[in-house]
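Reader: I'd like to learn how to read the empty spaces and the ligand site of a protein model. Could you walk me through it?

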Amino acid sequence: MAQDTLTITDNRTNLTYSFPIEKETVRAMDFRQIKTGPEDFGLMTYDPAFMNTASCRSSITFIDGERGILRYRGYPIEVLAEHCSFLEVAYLIVFGDLPNEVELKNWTNEITHHTMLHETTKKFMEGFRYDAHPMAMLVSTVAALSTVYPEARDIHDTNNRLRQIKRLIGKMPSIAAMSYRHSLGFPYVYPDNDLNYAENFMNMLWKMVEPKYVANPVLARALDILFILHADHEQNCSANVARSVGSAHADPYLTTAAAAAALSGPLHGGANEEVLKMLDEIGSKDNVPAYVKKVKDGHGKLMGFGHRVYKNYDPRAKIIKWTAEQVFQVTGRNPKLDVALELERIALEDDYFIKRKLYPNVDFYSGIIYQAMSFKPEMFTVLFAIPRTVGWLAQWQEMLTDSEQKIARPRQIYTGHDVREFLPMEKRASAPAAAD
Ligand code: SDX
C-alpha cells in the first residue's frame, strides 16, 4: 500500500477508499467519491471558521505556531526586522526575493511618487464627521480610490496590477494621516518626497507650521520595524477576505477595503485598540489579579492574548517589546507598560492560560508603543492596516496567478425547513399584538 495515502472505510456501505496525502493534506473534493449510491452527492467536509482547512497554496509567509516561528519568503522575521527597511521587506513580500540596490532604489522612488491623493479624494474625506473613526474613514476612502482608478479593474494585466499595488502602498500612509488630521481639525499635510516611508508618514501626521518636518530617527525606525512586523501573516482573517473578494475579480481597491474592514474587528487587528482600553480599565498593577480572575470566570477576554496559530510566544511580540524600550528612551516610559508586564507575568503562570496556550500576540504591546508616540487608540488599527496592505496585495496577486484558484464559494449544511406549503395572508395565524 502506498505510504502517502489515507484509506477510509464507509461503514454505511463497507466500501473502502484511498486518497493521496500531499503536504499533510487530503483534498476535500476526494470525499465526494464517498457515496451511498449513484444519486448521492457524496461527502463534504465541515469546518466552521476553517479551523483545519487549507484554502490555498502559498509561498509568501511561513508560521510554525508550536515553535513561534514567522518567516517572510523564508527569511526569519527577527533578521528582517533587524537589517531591513519596511519598503525592502514589502518588495520581498510582493516579488519573492530581497531587492538589490538598484531594485530597492527604483521601488522606493516609485512608491514615493504614489503618495499623493487626488484632490477629489481629499474632498471625499472632508465629508466625514469630525469624530469619524479613522478605520472607517480608511476603509471607505480606499474603496473610493476605485472610482479614481477605474483601469484597476483589469486585474489580469501584470503591469496594471503592479501599478495599483504601488499606488496602494504609497497612498495608505497619506489616507491614514489625513484621517488623523481630520479628527483633530488640522489642515492636511502633503507628502514630502525627501523623506523615507516612515518619516513621511510622521510628516503628514505631525508637521505643524515649521517649514520642513524633521522626524526623530529613533521613532521613525521604530515605526519602520512595526510596519515590517505587521506586513503579512499568511491566511489570517483579513487575508482570507482579500483572497475571497479578489476571487470574484473585484478590483484591488475594493479588495483591499474589504480586507481592511475585516482587520477592524476587535478579535483581529482591532485588538490593539482594545488592549489599551483593557489596560485603562485595569488601571494599576494591583488590580491585575482581580481582572485576570474576571476573565477566568468567563467575563471577557484578555485582549492581545491568544492566537489561532501561535501556541507559543508570538515572535513579533518579543521584537515589539524590544522596540518599546527604544521608543521610551525618546518619549519617556509609558506607565501602562508596567500593567502589561504584570498582566503577562501573572497570565503566563496561570494554568487557565497555560492550558489554553494563550500568549501575548502582536497586538499586546504595539498599542503601548503607539500611545507613547502620541497616537490615539482609534489610530492603532490604521497603523496595522498600512503595512498589512502589502500582505493583502501579495496574497491577492498570488491567488489571481494560481491556476487552481477560482471564485470562492463554500458549501453549507442546511438546517432549515423542508419544502412548505405557501399560506395566503388570510390563512396565516395572526401575530400576537406587538409589545409597545
Ligand atoms: C491578530 O490570524 C492571524 O494571524 C491574526 C494576526 C495577524 O497578524 O493577522 O496575528 C493578528 O488578529 C492577533 C489576534 C488579536 N486578537 C486578540 O488579541 C483578541 C483576543 N484573542 C482571542 O479573541 C483569541 O485568542 C483569538 C481570536 C486571537 C484566537 O481565537 P481562537 O483560535 O478561535 O481560539 P478560541 O476563541 O477558540 O479560544 C480557545 C479557548 C477558549 O476557551 P474555552 O472555550 O476552551 O474554555 O481559549 C480561550 C477561549 O475562551 N481564549 C481566551 C483568549 N483567547 C482565547 N481566553 C481569554 N483571553 C483570550 N484572549
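**Pockets, cavities and a ligand**

Author: Let's start with a pocket: the second largest pocket has a volume of about 170 Å³. This is a predicted model, where local features need pLDDT of at least 70 and side-chain atom pairs count only at pLDDT 80 or more, while totals for chains, interfaces and linings use all residues. Residues are numbered from 1 along each chain as its sequence is written, and side-chain values use heavy atoms, with hydrogens and water left out.

Reader: How do I read a pocket, and which residues are closest to the centre of this one?

Author: Rolling a probe the size of a water molecule over the atoms shows where empty space is left. On a 1 Å grid over the protein atoms alone, a pocket is an open set of points with protein on both sides within 12 Å along at least five of seven lines, a cavity is a set where a 1.4 Å probe fits but cannot get out, and lining residues have an atom within 4 Å of a point. Grid points are joined across faces, edges and corners, and a volume is the space filled by probe spheres set on the points. Here 13 residues line the second largest pocket, and Ser85, Asn196, Tyr197, Ala198 and Asp224 are the closest to its centre.

Reader: Which element gives the most to that lining?

Author: That's α8, with four residues. Helices are DSSP runs (H or I, at least four residues), numbered from the N terminus.

Reader: What about closed spaces: how many cavities of 30 Å³ or more are there?

Author: The search of the whole structure finds two. The largest cavity has a volume of about 80 Å³, and its lining includes Leu87, Asn196 and Tyr197. α3 gives the most to this lining, with three residues. The second largest cavity holds about 30 Å³ of space, and Thr115, Met116 and Met204 are among the residues that line it.

Reader: How do the classes of residue divide in the two linings?

Author: Ala, Val, Leu, Ile, Met, Phe, Trp, Tyr, Cys and Pro count as nonpolar, Asp, Glu, Lys and Arg as charged, and the others, Gly among them, as polar. The largest cavity has four nonpolar, six polar and one charged; for the second largest cavity, it's seven nonpolar, two polar and no charged.

Reader: And the ligand: which residues come nearest?

Author: A residue is near a molecule if one of its heavy atoms lies within 4 Å of it. Of the 22 residues around this ligand, His233, Leu302, His307, Arg308 and Arg316 come nearest.

Reader: Which polar partners do the ligand's oxygen atoms have?

Author: A polar contact is a pair of N or O atoms within 3.5 Å. An oxygen atom of the ligand lies 2.7 Å from an N or O atom in the side chain of Arg316, and an oxygen atom is 2.8 Å from a polar backbone atom of Gly304.

Terms used:
A polar contact is a pair of N or O atoms within 3.5 Å; within protein, one must be able to donate a hydrogen and the other to accept it, and residues adjacent in sequence count only if both atoms are side-chain atoms. Helices (H or I, at least four residues) and strands (E, at least two) are DSSP runs, numbered from the N terminus.
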